[in-house]
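Good morning, and thank you for making time for this presentation. Please look at the sequence and the model as they appear, and keep both in view while I speak.

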Amino acid sequence: MAHWLFKSEPSKFSFADLKAKGAAGTEWDGVRNYLARNNMRTMQVGDQGFYYHSNEGLAVVGICEVVALSHPDSTSADPRWDCVDVRAVRDLKRPVTLAEIKTEPSLSKMSLVTSMRLSVQPVTDEEWEIVLAMAER
DNA sequence: GCCAACGTTGGC
DNA sequence: GCCAACGTTGGC
């Protein structure tokens with residue numbers, strides 16, 4: 001099962017907002033970037049991802065899960081744009097900040113470091129475990 | 001609030 | 001199909 005990272009500005013749509021959507025989750029709409037869209041197209045139901053707060057917080061704060069395969073983005077009239085549905089799974093024990101991730105040598109190749117602006121990113125199994133472990137510290 | 005990075009658009 | 005202009009993202 002693959003892992004991902006979803007980025008959102010908490011002032012627009014925070015992890016708390018996603019939790020409020022409950023088990024059915026919500027469309028991860030509004031993505032207008034081909035790479036991010038292609039990542040969503042390869043997602044499977046049950047794939048889990050980190051939830052990252054950009055602009056404020058600057059940290060991975062929770063875990064979410066894909067509950068619906070890629071489908072047309074209902075907020076776009078342009079048929080190019082697809083998105084998946086996601087639901088919140090749980091908070092991390094504590095947020096893992098971007099600053100921490102940047103100082104962790106084993107995460108130097110993480111997309112969050114190398115492709116900061118990509119809004120939906122792949123996370124390797126190794127990176128997934130490392131960040132989870134950091135949240136336990 | 002600034003500015004660098006980078007993705008997208010549109011004229012040619 | 002190229003590339004300059006422009007808009008947006010997001011850390012600082």
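A phosphate oxygen of DNA strand C lies 2.9 Å from an N or O atom in the side chain of Tyr 52. That is a polar contact, by which I mean a pair of N or O atoms within 3.5 Å; within protein, one must be able to donate a hydrogen and the other to accept it, and residues adjacent in sequence count only if both atoms are side-chain atoms. Before I continue, please note that this is a predicted model, in which local features need pLDDT of at least 70 and side-chain atom pairs count only at pLDDT 80 or more, while totals for chains, interfaces and linings use all residues. Residues are numbered from 1 along each chain as its sequence is written, chains are lettered from A and ligands numbered from 1 in the order in which they are written, and side-chain values use heavy atoms, with hydrogens and water left out.

Let us stay with DNA strand C. Which residues are around this strand? They are Lys 7, Tyr 52, Asn 55, Leu 58, Leu 98, Lys 102, Met 116 and Arg 117; a residue counts as near a molecule or strand if one of its heavy atoms lies within 4 Å of it. Of the atoms of DNA strand C that come within 4 Å of the protein, sugar and phosphate account for 74%. A polar backbone atom of Asn 55 is 3.0 Å from a phosphate oxygen of DNA strand C. A base is reached as well: an N or O atom in the side chain of Arg 117 is 2.7 Å from a base oxygen of DNA strand C. By class, the surface near this strand has four nonpolar, one polar and three charged residues. Here Ala, Val, Leu, Ile, Met, Phe, Trp, Tyr, Cys and Pro count as nonpolar, Asp, Glu, Lys and Arg as charged, and the others, Gly among them, as polar.

Two of these residues deserve a second look. Asn 55 is placed in the loop between strand 3 and strand 4, and its phi is near 70°, a positive value in a residue other than glycine. Asn 55 counts as exposed because its relative accessibility is 57%; buried means under 20% relative accessible area, exposed over 50%, and partly exposed in between, with a 1.4 Å probe and protein chains only. Leu 58 is also placed in the loop between strand 3 and strand 4, with a positive phi near 50°. At a relative accessible area of 38%, Leu 58 is partly exposed.

That loop belongs to a hairpin formed by strand 3 and strand 4, with five residues between them. Strands (E, at least two residues) and helices (H or I, at least four) are DSSP runs, numbered from the N terminus. Strand 3, residues 48-53, pairs with strand 4, residues 59-72, in the antiparallel sense over six bridges; two strands pair if DSSP finds at least two bridges between them. Within this pairing, Phe 50 has Ile 63 of strand 4 as its bridge partner. Strand 4 is also joined to strand 5, residues 82-97, by ten bridges, and these two run antiparallel. Gly 62 stands opposite Asp 91 in strand 5.

Strand 5 also holds Asp 82. Is Asp 82 buried or exposed? It is buried, because its relative accessible area is 11%. The side chain of Asp 82 makes a polar contact of 2.8 Å with the side chain of Arg 41.

I turn now to DNA strand B. Arg 32, Asn 33, Tyr 34, Arg 80 and Arg 117 surround this strand. Sugar and phosphate make up 61% of the atoms of DNA strand B that come within 4 Å of the protein. A polar backbone atom of Tyr 34 is 3.3 Å from a phosphate oxygen of DNA strand B. The side chain of Arg 117 has an N or O atom 2.3 Å from a base nitrogen of DNA strand B. The surface near this strand has one nonpolar, one polar and three charged residues.

One last residue is Glu 27, which is placed in strand 2. Glu 27 counts as buried because its relative accessibility is 18%. From C-alpha to C-alpha, Glu 27 and Thr 75 are 9.4 Å apart in space, and they are 48 residues apart in sequence.
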